[in-house]
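This report looks at selected strands, surface charges and backbone angles, and it is meant to be read with the sequence and the coordinates at hand.

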Amino acid sequence: MGTGLGTTEVARATAHAPTPPTVRTGDLAELGEPVARLHDLAGVPLRTHARDLLAWARTVGQDVTVVLVEDETGAPVAAALLEVRVRRTPVGSLVSARLAGHATLDHQRLVALDDEAARALAGGIHDLLAEHIAWRCELELLPVGDPVVAELRRLSPFAQTTADDPTPQVIWPTERTERTWAAKKTRQRTRTAQRRADESGRDWSVTRATEASEVLAALPATLDLRLERELELGRSDSLADSRQRAAHVELCESLAARGALELWQLHVDGALGAYLLAARDGDIIRLVDGRIHPDAEDLSPGVILHGHALQAWHADPSITGVDLGRGLTNFKRSLRTQDIDSEATVLWSHPALARLEQQRAAAVEGARSALRDARDRSPTVARAVHAGRRAQTWARAHRPAVTGGSAAHQDAS
């Protein structure tokens with residue numbers, strides 16, 4: 001049966017048929033430039049941005065696989081940055097994938113400029129995974145309702161999406177007064193903390209450093225205080241690892257070179273009592289790091305330091321607000337005006353893999369719950385848990401630095 005179209009009409013229809021996007025994969029070191037252009041266009045937050053992730057990956061020795069979508073002109077329209085680990089077995093290869101910077105970032109992004117690009121990116125990610133006999137893909141801290149994730153869920157045999165950590169933010173009104181930098185209770189708490197610090201008889205002061213040389217010169221002292229704080233609390237500290245610490249320093253050096261980094265410090269009797277590292281990202285301030293010294297807790301140094309910083313940023317009309325970083329604490333709740341919700345999605349190649357992992361996760365959580373109950377009931381167990389975590393952090397901080405090579409992405413069994 002004929003089509004009803006002549007040769008000229010067929011040629012014209014063919015000429016106007018849209019060209020599908022092109023999908024390719026490669027290493028971030030190879031494809032970093034087009035991804036960075038895309039991230040600039042999409043306004044990806046710092047640290048999650050390809051520019052910052054490239055430096056992080058190089059320093060910690062982590063390979064990053066890029067799935068890149070380009071339009072007919074070769075312009076990037078979608079991209080995913082993944083950590084991919086392959087394990088060879090006698091029956092075939094198993095692969096696990098997660099977003100680059102997993103567990104170290106406040107935000108994650110699967111950038112796609114339109115629905116077609118989102119579908120193409122999801123297809124590229126799925127094809128990368130489907131090259132293996134079995135796979136698992138974890139995508140954390142993504143905006144709720146991400147279109148790439150929606151398409152991946154459709155393509156995958158089994159998927160599970162749950163709420164992830166919210167990101168509290170302080171967003172200020174356009175019309176500002178001396179009272180709009182924080183809620184009334186926060187302003188009162190700041191004044192009270194400063195008055196008590198004055199009445200304590202201790203010599204205290206708050207300083208703000210914006211010059212790159214001044215910020216970087218003070219950086220080692222902030223890292224020493226951070227480690228001391230984490231050891232005191234018996235918490236696991238990611239920056240205790242020498243490679244992650246080096247990546248943090250490199251990030252700070254890069255931000256300082258761009259004129260985006262500032263350091264707030266509270267000194268008590270000549271010693272560093274608290275610090276707050278923050279970076280300008282467009283019209284938003286993003287908190288990078290901050291800790292208080294155990295010996296300065298009685299002065300509420302975090303309240304004082306954040307109060308000074310928020311008032312200074314609030315006074316600048318070009319700054320619309322402050323991103324407080326992932327996770328809600330009581331202190332952040334007292335400051336924030338809104339929360340940015342996020343979701344985590346895990347995808348599996350086989351439902352049986354999902355059930356096995358869920359059973360294992362339930363067993364682990366049961367063991368943790370039992371340990372928490374025992375810790376809460378017994379001071380002896382609580383001290384043992386604290387000592388164990390403290391020892392773990394100390395060991396990481398004193399582990400010899402690893403030089404050369406990259407993270408293992410292929411394990412032979």
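A residue is called exposed when its relative accessible area is over 50%, buried when that value is under 20%, and partly exposed in between. The model discussed here is predicted.

**Charged surface patches**

With a relative accessible area of 57%, Glu-72 is over the 50% cut-off and therefore counts as exposed. Glu-72 sits in the loop that links strand 2 (65-70) with strand 3 (76-89), and together with Asp-114, Asp-115 and Glu-116 it forms a negative patch on the surface. A patch of positive charge is also found on the surface, where Arg-179, Lys-184, Arg-191, Arg-195 and Arg-196 gather. Of these residues, Arg-196 belongs to helix 6, which spans residues 184-199, and its relative accessibility of 57% places Arg-196 in the exposed class.

**Strand 6 and its partners**

Is strand 6 largely enclosed or largely open to the surroundings? Strand 6 covers residues 134-143, and because seven of its 10 residues are buried, it is largely enclosed by the rest of the structure. Ala-134, a residue of strand 6, has a relative accessibility of 11% and so counts as buried. The C-alpha atoms of Ala-134 and Ser-96 are 8.8 Å apart in space, although the two residues are separated by 38 residues in sequence.

Strand 6 pairs with strand 4 (residues 92-99) in the parallel sense, over five bridges, and it is also joined to strand 15 (residues 342-348) by six bridges, in this case in the antiparallel sense. Cys-137 takes part in both pairings: in strand 6 it is the bridge partner of Ala-97, while Leu-347 in strand 15 is the bridge partner of Cys-137.

**Positive phi angles in loops**

Two residues other than glycine, Ala-103 and Asp-269, have positive phi values, and the table sets out their angles, loops and accessibilities.

| Residue | Phi | Loop | Relative accessibility |
|---|---|---|---|
| Ala-103 | near 70° | between strand 4 and strand 5 (111-112) | 55%, exposed |
| Asp-269 | near 55° | between strand 10 (261-268) and strand 11 (271-281) | 48%, partly exposed |

Ala-103 counts as exposed because its relative accessibility is 55%, whereas Asp-269, at 48%, counts as partly exposed. The loop that holds Ala-103 runs between strand 4 and strand 5, and strand 4 is also the parallel partner of strand 6.

Technical notes
Residues are numbered from 1 along each chain as its sequence is written. This is a predicted model: local features need pLDDT of at least 70, side-chain atom pairs count only at pLDDT 80 or more; totals for chains, interfaces and linings use all residues. Side-chain values use heavy atoms; hydrogens and water are left out. Patches are made of residues with over 30% relative accessible area and no salt bridge: like charges are joined within 9 Å, nonpolar side chains (Val, Leu, Ile, Met, Phe, Trp, Tyr) within 5 Å. Accessible areas come from the Shrake-Rupley method with a 1.4 Å probe; for residues, only the protein chains shown count as cover. A salt bridge is a side-chain nitrogen of Lys or Arg within 4 Å of a carboxyl oxygen of Asp or Glu. Lys and Arg count as positive and Asp and Glu as negative; His and the chain ends are not counted. The place of a charge is taken as NZ of Lys, CZ of Arg, CG of Asp or CD of Glu. Helices (H or I, at least four residues) and strands (E, at least two) are DSSP runs, numbered from the N terminus. Buried means under 20% relative accessible area, exposed over 50%, partly exposed in between (1.4 Å probe, protein chains only). Two strands pair if DSSP finds at least two bridges between them.
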